[in-house]
Each structure stands twice: as C-alpha cells, then as structure tokens.
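Colleague: Could you walk me through this model and tell me what stands behind each term?
Modeller: Gladly, let us look at it together.

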Amino acid sequence: MAILLLLDQVDPTPLETYLKSHPDCPDVRIYPHVGCVDDIDTVVVWKHPQGVLNNFPNLKLIASYGAGVENILSDHALPKDVPITRFVDETLSDQMAEFVLAVILNHRLHITHYRELQAASVWRCGTFLPDRNVTILGMGELGSTTANLLNLNGYNIRGWSRSEKNIPGVISFFGDDQLHASIADADFIVCLLPLTPKTKHILNNELFNATKKGAFLINVGRGDHLHEDDLMDALYQEQLSGAFLDVFSTEPLPADHPFWRHPKIHMTPHISSPTDKQKVARQILDNYHRIKRGEPLLNQVNPKRSY
Ligand code: GLV
C-alpha cells in the first residue's frame, strides 16, 4: 500500500524525505504520479483539487498537512466514511503565539514605522502604546497557547469560543450571544478560529462596530474569516486603526489587490505558523499504523463540528 502526497503550494520533497527516513514507512508517491490507484490507502493533502480524493477505491485515511481542514471538508465529492486527521502540534501553537506577540509588540512600539523613518533619515520619537486588552476569537490549541503567552507578558485576555473554556488568566466568552461582549474593550482582536460555515466572514462590519474605536485586527486564521470590503470600510471610518493579515481568501494574493498598497494594512504571506515537516511526517505515520491496528486516531476531525 502507499501514501500519496497531494500538496499544492508546498514542496513535497522534504516531507517525502522525512517519511522515508522512518523504517516503518510504506511506499510514498507524489501527485500526479499516483501509479496504481488501488495502492493508495492514505493521502496527505493541502489545498487539493476538489473531487480527486474519490479516485482511490482503497482510501483509509485523509491526513491534513496543516491544522486547518476547511479545504477538505468543503470538497463536495469527499469520500464518505474515510477518517480525516489534522496536524496538531505544540511547535505549531508556540510559533503562532510568538507570532501574535511579535505583531502586537510591533504595533505598540511602532517598529515598522521607525524603519520607514530610517529610510527617510528622519529622527522622530513616538510613544509606546499602552494597549493591553486582547480578545482572541477561537480558543483551541492555537488560541489557548497564544492566550497563555500573552498573559505571561502582562496582557489582559478575553477568549471567545463555541463553548465555555476554563483557562487560567483568560476571561471566557462563548456562543453567538457573547461574541460582541467579548470584543467590547479590545485593543487587539486576534482571529484564530477554524473556518466553518458559521465563522466565514465573522470579521465583518457588525463585529468591527461592536469594538472600541481604534482597535487593531490581527487575522491569522483564514482569509475567508474576513469580509474584505468591510475591513476597507472600517479602516476608512477609523473604526479600526489598522490590520495585520497573514491569510487571504485568495493565496497568493493577486498583485492588483488593494491590500498590498493600503497604508493601514500590514501583511505576511501565510507564514505565521508553518508546519514542522519532520513532526507532521511522524504524526502521519503514527496514524497510518493506527489504522492498520484498528486503534483510535490522533487528532481526528469531527466533520459535524468542522474541525
Ligand atoms: C496553516 O495555516 C495550517 O492550517 O496549519
């Protein structure tokens, strides 16, 4: 049997090398060089072409290369009853927490601004913004690790999630009714939600108007969490003071997109928390052998919950 790597916008070679470095690794193939479709019992996917997963009659496992699985779940021809797993890992959560802390500090200390002043040989001193209220939307592994790091750094954290959470140092808000209350005092709104039909475009005008004027948005969830026109409006109206975006509805972001040149939008190209290839290889193989032994899988997705 064989593992097929079906990765878009990701070089499959390092993952192939790490998988093959394990003596318990079966044959590994790289899409589109599938060989005999009957051999494929595991696929590792990232932004796969919709419908393709139905081509493998002996498929036993769909493993997401990353933490997000919205691209898999939105595949209308997803094979039924094949378990899906996602990548959950401490390193992924720690990197995300550091990234969010760095974005917040960059904003509070105006680091990027000083780089611009340097380029213009201007000596001008600003003040450190006092803002310390952070609301994190999404309190899964990434959200709670980020909350803990920010908390250790003296930030006041509110967390919003589907159900109530009990995380030391975090005021928990939950359910649709409490969404707006969770951001009422926020200086920073950080989106770390999974993308589901319910959370699509959750970062919209209604939400921006429920926060205090001048809040700063950080989207490190998914591009489709954000209603792009509403963000442009909120920045224009100065309801938001700025936004830091790492994820976009279309990636790579088209060259003519207005976000590129917007003075209040800072961007990175979906790098806030890259998958550790060595660790994802180990997790895929663990699950591969769990399937063979009929054991429960690590990080199995509940399609009803969408994550
Ligand atoms: C990255 O965005 C991931 O889902 O892991």
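**Terms and values**

Modeller: Let us begin with two helices: α3 (residues 90–109) and α4 (residues 111–119) pack at an angle of about 55 degrees, and their axes lie 5 Å apart. This is a predicted model, in which local features need pLDDT of at least 70 and side-chain atom pairs count only at pLDDT 80 or more, while totals for chains, interfaces and linings use all residues. Residues are numbered from 1 along each chain as its sequence is written, and side-chain values use heavy atoms, with hydrogens and water left out.

Colleague: What makes a stretch a helix or a strand here?
Modeller: Both are DSSP runs, numbered from the N terminus: helices are H or I with at least four residues, and strands are E with at least two.

Colleague: Why are α3 and α4 called oblique to each other?
Modeller: Axes are lines fitted to C-alpha atoms, for helices over the stretch in contact, and angles run from 0 to 180 degrees between N-to-C directions. Angles under 35 degrees count as roughly parallel, over 145 as roughly antiparallel, 65 to 115 as roughly perpendicular and the rest as oblique. The angle of α3 and α4 is about 55 degrees, and therefore the pair is oblique.

Colleague: Which residues of α3 and α4 meet?
Modeller: Leu105, Asn106 and Leu109 of α3 meet Ile111, Thr112 and Tyr114 of α4, where contact means heavy atoms within 4.5 Å. By class, this contact of α3 with α4 has 4 nonpolar, 2 polar and no charged residues. Ala, Val, Leu, Ile, Met, Phe, Trp, Tyr, Cys and Pro count as nonpolar, Asp, Glu, Lys and Arg as charged, and the others, Gly among them, as polar.

Colleague: What makes a space a cavity or a pocket?
Modeller: On a 1 Å grid over the protein atoms alone, a cavity is a set of points where a 1.4 Å probe fits but cannot get out; a pocket is an open set with protein on both sides within 12 Å along at least five of seven lines, and lining residues have an atom within 4 Å of a point. Grid points are joined across faces, edges and corners, and a volume is the space filled by probe spheres set on the points.

Colleague: How many cavities of 30 Å³ or more does the structure hold?
Modeller: There are 3 of them, and the largest has a volume of about 60 Å³. Its lining consists of Ala63, Ser64, Thr85, Arg86, Phe87, Val280, Gln283, Ile284 and Asn287. Two or more of these residues come from each of β4 (61–64) and α9 (277–293), and α9 gives the most, with 4 residues. The lining of the largest cavity divides into 4 nonpolar, 4 polar and 1 charged.

Colleague: And how much space lies in the second largest pocket?
Modeller: About 500 Å³. Among the 24 residues that line this pocket, Glu70, Asn71, Ser74, Leu195 and Asp224 are the closest to its centre. The elements giving two or more residues to that lining are β3 (40–46) and α2 (70–73), and α2 gives the most, with 4 residues. By class, the pocket lining has 8 nonpolar, 10 polar and 6 charged residues.

Colleague: Into which domains is the protein divided?
Modeller: Into domain 1 (2–87 + 275–293) and domain 2 (90–267), with bounds that come from an automatic or database domain assignment. Their centres, taken over C-alpha atoms, are separated by 32 Å, and the contact takes 11 residues from domain 1 and 7 residues from domain 2. The lining of the second largest pocket draws at least three residues from each domain.

Colleague: Where are the cis peptide bonds at Pro32 and Pro252?
Modeller: Tyr31 and Pro32 are joined by one, with omega about 10 degrees, and Pro32 lies in the loop between β2 (27–30) and β3. Another joins Glu251 and Pro252, with omega about -5 degrees.
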